[in-house]
Amino acid sequence: MRSLNINGRAVAVQAEPDMPLLWVLRCELGMTGTKFGCGVGICGACTVHLNDKSCLSCQTPMSTLNTQKITTIEGMQGAEAQALKAAWIDLDVVQCGYCQSAQLMAACALLKQKPRPTDADIDAAMSNIVCRCGTYPRVRAAIHEAAKRRPV
Ligand code: FES
Ligand code: FES
């Protein structure tokens with residue numbers, strides 16, 4: 001048994017050291033907002049935040065975690081998160097929705113680091129490369145919209 005700092009709370013988990021964070025979240029804790037895609041660090045569907053930076057949870061074994069701040073889509077809060085959620089709705093970004101938790105997590109980490117990102121910044125930061133529904137243009141537009149709305 002050990003403790004992780006997830007969404008601002010100390011959470012007790014039992015997972016083995018080589019268990020990826022993705023499966024701890026989904027299977028042990030029932031936090032299914034973080035999605036499984038490829039499982040090999042390519043698609044980005046499993047993106048969460050570690051200390052406010054994007055992190056692929058399928059590539060993050062328990063043995064690498066101690067007191068880091070873990071944030072999932074269930075706990076994504078703050079000015080960037082609010083602006084992004086509103087822009088996502090207003091620009092009707094989502095289609096099937098499967099990749100969107102990760103898109104929002106990556107976008108939120110980007111806005112925390114770059115409040116006015118360029119298209120190149122967005123291309124570099126957005127870790128989710130497998131949106132089967134092709135929402136990329138709307139994702140980009142919504143990030144720009146959220147950046148405009150969020151007071152810097
Ligand atoms: S499920 Fe983690 S990168 Fe694809
Ligand atoms: S919205 Fe369907 S996979 Fe991205």
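User: How many salt bridges does the count come to?

Analyst: In this predicted model, the count comes to 9 salt bridges.

User: What makes the contact between Arg140 and Asp119 a salt bridge?

Analyst: The N to O distance between the side chains of Arg140 and Asp119 is 3.6 Å. The cut-off is within 4 Å, from a side-chain nitrogen of Lys or Arg to a carboxyl oxygen of Asp or Glu, so the pair of Arg140 and Asp119 qualifies. The two residues sit in distant parts of the chain, 21 residues apart: Asp119 belongs to helix H4 (residues 119-125) and Arg140 to helix H5.

User: Which residue forms a salt bridge with Asp123, and why does the pair count?

Analyst: Asp123 pairs with Arg140, and their closest N and O atoms are 2.2 Å apart. That value is within 4 Å, therefore the pair is called a salt bridge. Here too distant parts of the chain are linked, with Asp123 in helix H4 and Arg140 in helix H5, 17 residues apart.

User: Why is Arg140 called partly exposed?

Analyst: Arg140 has a relative accessible area of 27%. Buried would need under 20% and exposed over 50%, so a value in between is called partly exposed. Asp119, at 36%, falls in that class as well.

User: How do you know that Glu145 and Lys148 meet in a salt bridge, and where do they lie?

Analyst: Their side chains come to 3.5 Å, N to O, and the limit is 4 Å. Both residues are in helix H5, 3 residues apart, about one turn of the helix. Glu145 and Lys148 also belong to a network of salt bridges with Asp90 and Arg149.

User: Are Glu145 and Lys148 buried, partly exposed or exposed?

Analyst: Glu145 has 21% relative accessibility, which is not under 20%, so Glu145 counts as partly exposed. Lys148 has 61%, which is over 50%, so Lys148 is exposed.

User: What makes Tyr136 eligible for a nonpolar patch, and which residues form the patch?

Analyst: Tyr136 is partly exposed at 36% relative accessible area, and a patch residue needs over 30%. The patch on the surface is formed by Val40, Ile42, Ile129, Val130 and Tyr136, which together have about 470 Å² of accessible area. Tyr136 is placed in helix H5 (residues 136-149).

User: How many disulfides are there, and why does Cys27 form no bond with Cys46?

Analyst: The count comes to 0 disulfides. A disulfide needs two cysteine sulfur atoms within 2.5 Å. The closest cysteine sulfur to that of Cys27 is in Cys46, at 13 Å, so it is too far for a bond.

User: Is Cys27 buried or exposed?

Analyst: Cys27 is exposed, because its relative accessible area of 59% is over 50%. Cys133, at 24%, is partly exposed.

Note on methods. Residues are numbered from 1 along each chain as its sequence is written. Chains are lettered from A and ligands numbered from 1 in the order in which they are written. This is a predicted model: local features need pLDDT of at least 70, side-chain atom pairs count only at pLDDT 80 or more; totals for chains, interfaces and linings use all residues. Side-chain values use heavy atoms; hydrogens and water are left out. Buried means under 20% relative accessible area, exposed over 50%, partly exposed in between (1.4 Å probe, protein chains only). Patches are made of residues with over 30% relative accessible area and no salt bridge: like charges are joined within 9 Å, nonpolar side chains (Val, Leu, Ile, Met, Phe, Trp, Tyr) within 5 Å. Accessible areas come from the Shrake-Rupley method with a 1.4 Å probe; for residues, only the protein chains shown count as cover. Helices (H or I, at least four residues) and strands (E, at least two) are DSSP runs, numbered from the N terminus.
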